[in-house]
Amino acid sequence: MRRLKNYRAETSSDAKTEADDLAAKYSGKSENELMQELLKNVARAKGDGTFSSEQLREFIEFVSPNLDEKSRARLGELVGMINGESADNS
């Protein structure tokens with residue numbers, strides 16, 4: 001997972017381009033597809049030793065303000081699943 005905390009794009013246009021690319025990549029996907037993508041990325045990061053609970057927390061803090069109450073609750077459920085998997089794999 002990529003670190004978001006203290007991330008500084010070289011220019012504001014770099015940040016906008018990266019955000020636009022991510023938005024394009026995930027736009028049009030269903031909630032189920034997004035959940036599968038997140039869990040797949042977490043599994044890959046755990047498998048290659050790059051998973052970080054801290055980075056996951058930073059991601060949640062980054063996206064939460066943009067979500068409605070229902071979506072935040074669902075995200076919380078996903079984090080619980082991920083943390084549960086993390087505890088089982090330790």
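**Close-up 1. R57, a partly exposed arginine with two salt-bridge partners.** R57 has 34% relative accessibility, so this residue counts as partly exposed. Keep in mind that you are looking at a predicted model. The side chain of R57 meets that of E54 in a salt bridge, with 2.4 Å from N to O. E54 is partly exposed too, because its relative accessibility is 32%. How far apart are E54 and R57 in helix α3? They are three residues apart, which means a separation of about one helical turn.

**Close-up 2. R57 and E61, further along the story of helix α3.** R57 also forms a salt bridge with E61, and here the closest N and O atoms are 2.3 Å apart. Both residues lie in helix α3, four residues apart, or about one turn of the helix. Here is a handy rule for reading such views: an α-helix has 3.6 residues a turn, so residues three or four places apart point the same way.

**Close-up 3. R74 and E77, a salt bridge in helix α4.** Now turn to helix α4, where R74 and E77 form a salt bridge whose closest N and O atoms are 2.4 Å apart. The two are separated by about one helical turn because they sit three residues apart in α4. Are these residues buried or exposed, or something in between? With 44% relative accessibility, E77 counts as partly exposed, and R74, at 24%, counts as partly exposed as well. Which residues are joined into one network by salt bridges that share partners? They are E54, R57 and E61. The structure holds four salt bridges, and these views show some of them.

**Close-up 4. Helix α2 and its buried face.** Helix α2 has 17 residues and reaches 24 Å from its first C-alpha to its last, close to the 24 Å expected at 1.5 Å a residue. Its buried residues are M35, E37, L38, V42 and A45. Why do they line one face of the helix? Seen down the axis of α2, the buried residues fall within an arc of 160 degrees, so they line one face. Just after α2, look for G49, which takes a positive phi of about 80 degrees.

**Close-up 5. The largest nonpolar core.** This core has 12 residues. Among them are M35, L38, V42 and A45, along with F51, L56, I60 and V63. L75, L78, V79 and I82 belong to this core as well. Which elements give two or more residues to the core? They are α2 (31-47), α3 (53-63) and α4 (69-89).

Conventions: Residues are numbered from 1 along each chain as its sequence is written. This is a predicted model: local features need pLDDT of at least 70, side-chain atom pairs count only at pLDDT 80 or more; totals for chains, interfaces and linings use all residues. Side-chain values use heavy atoms; hydrogens and water are left out. A nonpolar core is a set of buried Ala, Val, Leu, Ile, Met, Phe, Trp, Tyr and Cys residues joined through side-chain atoms within 4.5 Å. Buried means under 20% relative accessible area, exposed over 50%, partly exposed in between (1.4 Å probe, protein chains only). The expected span of a helix is 1.5 Å times one less than its number of residues. The arc is that of the directions from the helix axis to the C-beta atoms.
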